[in-house]
Amino acid sequence: MSGGSIPRLVIAAPSSGAGKTTVATGLMAAFAEAGLVVSPHKVGPDYIDPGYHSLATGRPGRNLDAYLCGPDRIAPLFLHGAAGADLALVEGVMGLFDGASGMGELSSTAQVAKLLRAPVVLVVDASSQSRSVAALVHGFASWDPEVRLAGVILNKVGSDRHEELLREAMDSSGVPVLGALRRDGRAGTPSRHLGLVPVAERRAEAVESVGELAARVRAGCDLQALLALAHTVPELPDAPWDPAAEVAPAGGAASPDKPLIAVAGGAAFTFSYAEHAELLAAAGAEVAPFDPLRDEQLPPGTQGLVIGGGFPEMYAPDLSANAPLRAEVAALAASGAPVSAECAGLLYLSRSLDGKPMCGVLPAESRMTERLTLGYREAVALRDNALAAAGTRVRGHEFHRTVLEPGAGADPAWGLTHPERRLEGFVSGGVHASYLHVHWAAEPSLAGRLVASAAQAAPAGSAVR
């Protein structure tokens, strides 16, 4: 089997809340437990669902976002992530045809399914309907002839009689029923203000939940029929995305010294795209993970720092209590070493978060609010900095319930150009800090520039050059 013909399915739904994550994660776990190598993917910018996918499969959960990365990169990124897999499962986002606001199908599950030439299995919340399910499925199946809606999984079915009525209605639809799952809250995944609680915050419970989801899916779905459907795909003509082809190693491939870039992780900083570390390594860096909740020092020899997104507001007292690490981060930033901070990282670099002292790198205070800031953004770098050259244009995603005051420094990280125009974030010395999440696979120069800057920086704890 060639890489372009990897068996694959897209798991979609008519709307959010139908049970896509439950079904997709359960299918991933069930097939993995059956001995298949399963590659997990998620449509859209979401970081949390891929954590459950990774737990279910033992492989990195990867995102496929046509807004952030462009439609042309979807199939190459998919082939890169799915290399060596027996089966790839792609969980959709929102409703099947819902995409970036005001941009038609862009970034929708339907668009990704078409780009991957993959059949779609529709997860339908059947809890308040019987015969109407057939009309609903018919509408979704006929809306876009280029989308191959090849099966349905009925979710939240109330009883044997309810399932019988649903299957009778679906008999005339021409779309086969590939599974029926009963209402069951035991295998649920807890939520809070930004969605599901990440795996890193509840690993033991998450392992149990994923196991229960696999058991439910095995009992209620026709796994053989689903696997057979996944094998009906044509070959993709695209070449896999290759991080080594996207960036040149800092200092040349023959350089014996790799700049060490520390990457924050742990329960407070769970938001990261797998391709970022791959690009940093391809650009010549040694990537060293660390946990700001547990580690009192940066990895020895750190010359650059990446602090991604997550939930620092849930851990503000513990992050604040780790004063030795906060002091090291502040000293590294003061030395001029490159520091890239997104969203949670931005808050961690501020003076305080909900009144708890943070690293004090940025002249700003941060706090939780009730207001959700959410959406895609277009932005441009206004001046040269450690992450982006002046004029670099990116697409990103904003997703938080916090505010930073002020929201931008004297030298902003980005000038937002769409859907609104405003200045955002901070550039100071080697620091680039912003609320904006950017997928570096769309602009690999960000990783290359960061590594090149790190190669010129003094290691943490050494005398400043």
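These are my notebook entries on one helix contact and several salt bridges in a predicted model.

**Entry 1, two helices.** I looked up how helix α1 (residues 20–33) lies against helix α9 (residues 223–230), and I found that their axes come within 12 Å and cross at roughly 95 degrees. Angles of 65 to 115 degrees count as roughly perpendicular, and α1 and α9 are therefore roughly perpendicular to each other. On the α1 side I noted Leu27, Ala30 and Phe31 as the residues making the contact, and on the α9 side Leu223, Leu226 and Leu227. Sorted by class, this contact has six nonpolar residues, with no polar and no charged ones.

**Entry 2, salt bridges.** I then turned to charged side chains, for which the count comes to 20 salt bridges. One of them joins Arg218 and Glu33, with N to O at 2.5 Å. Arg218 lies in helix α8 (residues 203–220) and Glu33 in helix α1, so this pair ties together parts that are 185 residues apart in sequence.

**Entry 3, a pair within one helix.** Is Glu163 buried or exposed? I found Glu163 to be buried, at 17% relative accessibility, while its partner Arg167 is partly exposed at 31%. The closest N and O atoms of their salt bridge are 2.9 Å apart, and both residues lie in helix α7 (residues 160–170), four residues apart, about one turn of the helix. I also noted that Asp160, Glu163, Arg167 and Arg182 are linked in a network of salt bridges.

**Entry 4, a pair between loops.** Last, I looked up Asp411 and Arg383, whose side chains meet in a salt bridge at 2.7 Å, N to O. Asp411 lies in the loop between β17 and β18 and Arg383 in the loop between β16 and β17, so the pair ties together parts 28 residues apart in sequence.

Key:
Residues numbered from 1 in each chain as written. Predicted model: local features only at pLDDT ≥ 70, side-chain atom pairs only at ≥ 80, totals over all residues. Heavy atoms only, no water. Axes fitted to C-alpha atoms, helices over the stretch in contact; angles between N-to-C directions. Parallel < 35°, antiparallel > 145°, perpendicular 65-115°, else oblique. Contact = heavy atoms within 4.5 Å. Nonpolar A, V, L, I, M, F, W, Y, C, P; charged D, E, K, R; others polar. Buried < 20%, exposed > 50% of the residue type's maximum accessible area, 1.4 Å probe, protein only.
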